[in-house]
Amino acid sequence: MESTSCSAAAANGAMGSQRDRSLVPERLQRREQERQLEVERRKQKRQNQEVEEEKSDFFAAAFARERAAVEELLESGESTEQLEEAAARLQGLQKLLNDSVLFLAAYDLRQGQEALARLQATLAERRQELQPKKRFAFKTRRKDAGSATKVDAAPSAPAAEGILASPPPLNEGGIGSSFVFGFSNVESQVLEKRAEELHQRDVLLTDLSKCIIKLYGNPNTLRLAKARSCTLLCGPVSTSVFLEDCSDCVLAVACQQLRVHTTRDTRIFLQVTSRAIVEDCSGIQFAPYTWSYPGIDKDFEGSGLDRSKNNWNNVDDFNWLARDMASPNWSILPEEERVIQ
């Protein structure tokens with residue numbers, strides 16, 4: 001009886017060993033498959049990285065070459081024709097940067113944006129230099145000076161529009177140019193500028209309260225500062241939009257770059273080709289750009305912006321470094337609340 005039990009146990013042991021041996025090739029095969037998949041993944045990752053590096057190298061070379069050509073035109077440009085050629089090539093440079101947003105590193109993108117902004121500022125300065133000087137007229141000088149003083153001194157004056165006497169300098173993002181066009185010190189009014197007035201101009205809007213501002217056309221840059229309870233509707237801006245020290249506002253802007261500083265409780269309907277940036281802000285809400293007017297398609301073409309690319313909901317908060325948690329300083333505006341006016 002005992003020998004029979006031993007024989008059965010031995011038989012069971014032998015069968016178990018055979019089963020274990022039969023499983024070994026299967027485990028090895030599965031492990032080999034996993035190894036090959038990992039090899040393929042690494043190979044694909046290397047190839048993708050090489051493609052991105054090739055694209056980055058092509059961008060760097062093309063950008064540097066075209067940038068040098070624009071700088072040469074701006075340095076030697078003594079005619080309107082040369083400046084217009086520089087402006088046309090700048091638009092091409094903007095399109096190159098816009099088309100490269102997806103594969104460029106954040107640092108390279110920021111450097112390109114700042115270089116473009118400096119070139120745009122230089123172009124604006126050269127255009128100002130080539131404008132014919134106004135003839136001196138003593139009788140009108142006293143009147144103009146008096147009216148300018150009245151505008152600067154009275155916050156409730158109608159609208160300080162056109163050329164601003166002493167516009168504040170802007171050093172944001174490497175821009176050193178002065179803004180020479182816009183509205184200042186206005187309350188409870190509807191303010192408008194047409195396309196022919198705005199084309200490739202640098203626009204400053206400052207110290208506005210309870211105003212509705214409509215900018216039809218294609219500005220070069222736009223800055224809104226110290227605005228309270230205002231609505232700003234703007235056509236496509238070729239380069240950058242800066243928002244600073246504002247509250248309870250509604251904006252509709254299309255641009256290459258948006259930077260928002262020290263601003264609270266503001267809704268932004270946005271079309272932007274790079275990632276928007278907020279800093280020292282709270283209560284900012286974003287939604288897609290929806291404003292439209294007759295001629296906006298032509299203005300988009302002139303701006304160099306790619307309408308098929310919109311990073312309206314890709315926002316970097318410089319005060320929020322946690323990657324695993326959303327910033328509490330900005331949010332997506334619910335669809336049922338996406339009403340501009």
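**Strand pairing, helix packing and loop contacts in the predicted model**

Strands β1 and β3 (residues 202–209) are paired in the parallel sense, with 6 bridges between them, in what is a predicted model. Within this pairing, F181 is placed opposite V203 of β3. Strand β1 spans residues 181–187, and because 6 of its 7 residues are buried, the strand is largely enclosed by the rest of the structure.

The hydrophobic interior was examined next. The largest nonpolar core comprises 38 residues, and the members that touch the most others are L205, L215, L222, L270 and F286. Another core, of 19 residues, lies apart from it and includes F59, L73, A87 and V101.

Helix α6 (residues 296–303) has buried residues at I296, D299, F300 and S303. These residues cover an arc of only 100° around the axis, and they therefore lie on the same side of α6. Their packing partners are α2, β6 (231–236), β8 (250–255) and β10 (264–272), whereas the face of α6 turned away from the buried side carries K298 and E301, which are exposed. The helix is followed by G304, a residue whose phi is positive, near 85°.

One of the buried residues of α6, S303, also takes part in the surroundings of S238, a residue of the loop between β6 and β7 (240–244). S238 has a relative accessible area of 1% and is therefore classed as buried, the cut-off being under 20%. The side chain of S238 is joined to that of Q200 by a polar contact of 2.8 Å, and a polar atom of the S238 side chain lies 3.4 Å from the backbone oxygen of S303. When residues up to four places away in sequence are not counted, S238 touches Q94, Q200, N218, P219, N220, Q256, G302, S303 and L305.

A contrasting environment is found in another loop. E78 is situated between α1 (2–76) and α2 (80–99), and because its relative accessible area is 70%, where the cut-off is over 50%, E78 is classed as exposed. Leaving aside neighbours within four places in sequence, E78 is nevertheless in contact with R126 and L130. The C-alpha atoms of E78 and R127 are 9.8 Å apart in space, although the two residues are separated by 49 residues in sequence. The two loop residues thus differ in exposure, because S238 has a relative accessible area of 1% and E78 one of 70%.

Terms used: Residues numbered from 1 in each chain as written. Predicted model: local features only at pLDDT ≥ 70, side-chain atom pairs only at ≥ 80, totals over all residues. Heavy atoms only, no water. Helix = DSSP H or I, 4+ residues; strand = E, 2+ residues; numbered from the N terminus. Buried < 20%, exposed > 50% of the residue type's maximum accessible area, 1.4 Å probe, protein only. Contact = heavy atoms within 4.5 Å. Pairing = 2+ DSSP bridges. Arc of directions from axis to C-beta. Core = buried A, V, L, I, M, F, W, Y, C linked by side-chain atoms within 4.5 Å. Polar contact = N/O pair within 3.5 Å; in protein donor to acceptor, adjacent residues only side chain to side chain.
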